[in-house]
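Here's a quick briefing to read alongside the structure. It goes through the strands, one pair of side chains and the pockets.

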Amino acid sequence: MTDPAPFGPLQFQLVLLRRMADHRPELVEEARRRLGARPADLREANRRWQAMVRAPRGRGPLRRYRSVLGEPEHTLKRRVGDLECEALLWPVPLWPDLRFEVTAGPGGAVWNEWLVRAPGAKGPRLTSPAALRPWSCTVEEAARAFPPARPMEGSAPTRWALALTDPGTGRERVAEFTWGLFQRLLPE
């Protein structure tokens, strides 16, 4: 039996897609084909990732990301309240204008992990919740476009939800995100 290929950026992108398939299977199918992966590759990448995450003596989250994605493209210092943290950003070839960001606190504890717009990349023009298109924007971009956005609990660890106020009607809508990338706007 041959050893599986090393777990790297391609397999990590398949992990991101696996969770997104719950909401956008048509986009995931198209992306999977662009990556040259089979449906079984998606499942296998997810299985291997979950094994790494759940390994009792496995690497910590920050070391795991470094071993899978290599050294970050950018490391930025940030302040959250009184604490200083680091934001580590890696390119994601499937989405060239996005970066996978891991926010790490003191001692390397991972606070957050999601997709964000790449430094210097132009995001979409969001004028109303109806302008949101799947995979078009990040949590941060939607929150800035529709203040006061209210964070809500997501339905899984890699999911986020935002209650957005439509500036035209004043009505609230809920936008759902997976790994920080917009997936769908829930019906009123």
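One term before we start: two residues are in contact when they have heavy atoms within 4.5 Å of each other. Keep in mind that this is a predicted model. By that contact criterion, and leaving out residues up to four places away in sequence, Glu-101 touches Arg-78, Ala-87, Leu-88, Leu-89, Asn-112, Glu-113, Trp-114 and Val-116.

**The strands**

- Strand E1 (residues 74-80) pairs with strand E2 (residues 83-91) in the antiparallel sense, over seven bridges.
- The two make a hairpin with two residues between them, and Gly-81 in that turn has a positive phi of about 65 degrees.
- Right by the turn, Val-80 has Leu-83 in E2 as its bridge partner.
- E2 also runs antiparallel to strand E3 (residues 98-104), and six bridges join them.
- Here the hairpin connection goes through six residues.
- Look for Trp-90 and Phe-100 if you want an example of a bridge from E2 to E3: they are partners.

**Arg-78 and Glu-101**

- Which strands hold these two? Arg-78 lies in E1, while Glu-101 has its place in E3.
- Their side chains are joined by a polar contact of 2.9 Å.
- Is Glu-101 buried or exposed? Glu-101 is buried because its relative accessible area is 2%, and the cut-off for buried is under 20%.
- Arg-78 counts as partly exposed because its relative accessibility is 31%, which falls between the 20% and 50% limits.
- Setting aside neighbours within four places in sequence, Arg-78 is in contact with Leu-83, Glu-84, Cys-85, Ala-87, Glu-101 and Thr-103.
- Ala-87 turns up in the contacts of both Arg-78 and Glu-101.
- For the backbone view, take Thr-103: it sits 25 residues from Arg-78 along the chain, and the two C-alpha atoms are separated by 8.9 Å.

**The largest pocket**

- How big is the largest pocket? Its volume is about 390 Å³.
- Of the 18 residues lining this pocket, Trp-49, Gln-50, Pro-157, Thr-158 and Trp-179 are the closest to its centre.
- Helix H1 (9-20), helix H3 (39-54), helix H4 (61-69) and strand E4 (110-117) each put at least two residues into the lining.
- H3 has the largest share of that lining, at five residues.
- Sorted by class, the lining has eight nonpolar, six charged and four polar residues.

**The second largest pocket**

- The second largest pocket holds about 160 Å³ of space.
- Its lining includes Pro-4, Ala-5, Leu-10, Gln-11 and Leu-14, and also Leu-35, Gly-36 and Ala-37.
- Asp-41, Glu-44, Ala-45 and Arg-48 are among the lining residues too.
- Which helices supply at least two residues each? For this pocket they are H1 and H3.
- H3 again gives the most, here with four residues.
- By class, you'll find seven nonpolar, two polar and three charged residues in the lining.

How values were computed
Residues numbered from 1 in each chain as written. Predicted model: local features only at pLDDT ≥ 70, side-chain atom pairs only at ≥ 80, totals over all residues. Heavy atoms only, no water. 1 Å grid on protein atoms, 1.4 Å probe; cavity = no way out; pocket = protein on both sides within 12 Å on 5 of 7 lines; lining within 4 Å. Points joined across faces, edges and corners; volume = space filled by probe spheres on them. Nonpolar A, V, L, I, M, F, W, Y, C, P; charged D, E, K, R; others polar. Buried < 20%, exposed > 50% of the residue type's maximum accessible area, 1.4 Å probe, protein only. Polar contact = N/O pair within 3.5 Å; in protein donor to acceptor, adjacent residues only side chain to side chain. Pairing = 2+ DSSP bridges.
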